[in-house]
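Subject: A structure for you to look at

Hello,

I am handing over a structure that I have been going through, and I would be glad if you could read the notes below with it open beside you.

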Amino acid sequence: MQRSFLNRVHRKARSLLGHKAPPQLWIAVTYNCQCRCEHCAVGTELNKKTDELNRAEIASILEEARSLGFRRIAFLGGEPLLRPNL
């Protein structure tokens with residue numbers, strides 16, 4: 001994950017919330033899922049072959065989130081537990 005992206009998110013969060021970090025960060029880690037729920041937010045991207053964040057990118061995001069003061073992290077996607085390395 002590019003540091004410039006995280007810096008932009010950090011600046012935007014600070015400008016909106018002052019010095020308080022948002023309470024929760026959501027990370028979409030996959031579009032793969034064994035279900036086809038009508039209400040799924042992934043929509044037409046479901047089960048398409050796309051580039052996903054790799055383990056190092058996820059670790060970098062988590063470290064940055066920790067340093068920003070996030071208290072909760074939510075993994076979503078498709079079905080995040082289909083990733084063997086999560």
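Which exposed residues does the face of H2 turned away from its buried side carry? They are Arg 55, Ala 56 and Arg 66, where exposed means over 50% relative accessible area, buried under 20%, and partly exposed in between, with a 1.4 Å probe and protein chains only. Please keep in mind that this is a predicted model, in which local features need pLDDT of at least 70, side-chain atom pairs count only at pLDDT 80 or more, and totals for chains, interfaces and linings use all residues. Residues are numbered from 1 along each chain as its sequence is written, and side-chain values use heavy atoms, leaving out hydrogens and water.

On the other side of the helix, the buried residues of H2 are Ile 58, Ile 61, Glu 64, Ala 65 and Leu 68. Seen down the axis of H2, these buried residues fall within an arc of 125°, so they line one face of the helix; the arc is that of the directions from the helix axis to the C-beta atoms. Helices (H or I, at least four residues) and strands (E, at least two) are DSSP runs, numbered from the N terminus.

At the start of H2, a side-chain oxygen of Asn 54 comes within 3.0 Å of the backbone nitrogen of Ala 56, and the side chain of Asn 54 also reaches the backbone nitrogen of Glu 57 at 2.8 Å. Asn 54 itself lies in the loop between strand S1 (24-30) and H2, and counts as partly exposed because its relative accessibility is 39%. Just after H2, Gly 69 takes a positive phi of about 95°.

Best wishes

Definitions and conventions. A polar contact is a pair of N or O atoms within 3.5 Å; within protein, one must be able to donate a hydrogen and the other to accept it, and residues adjacent in sequence count only if both atoms are side-chain atoms.
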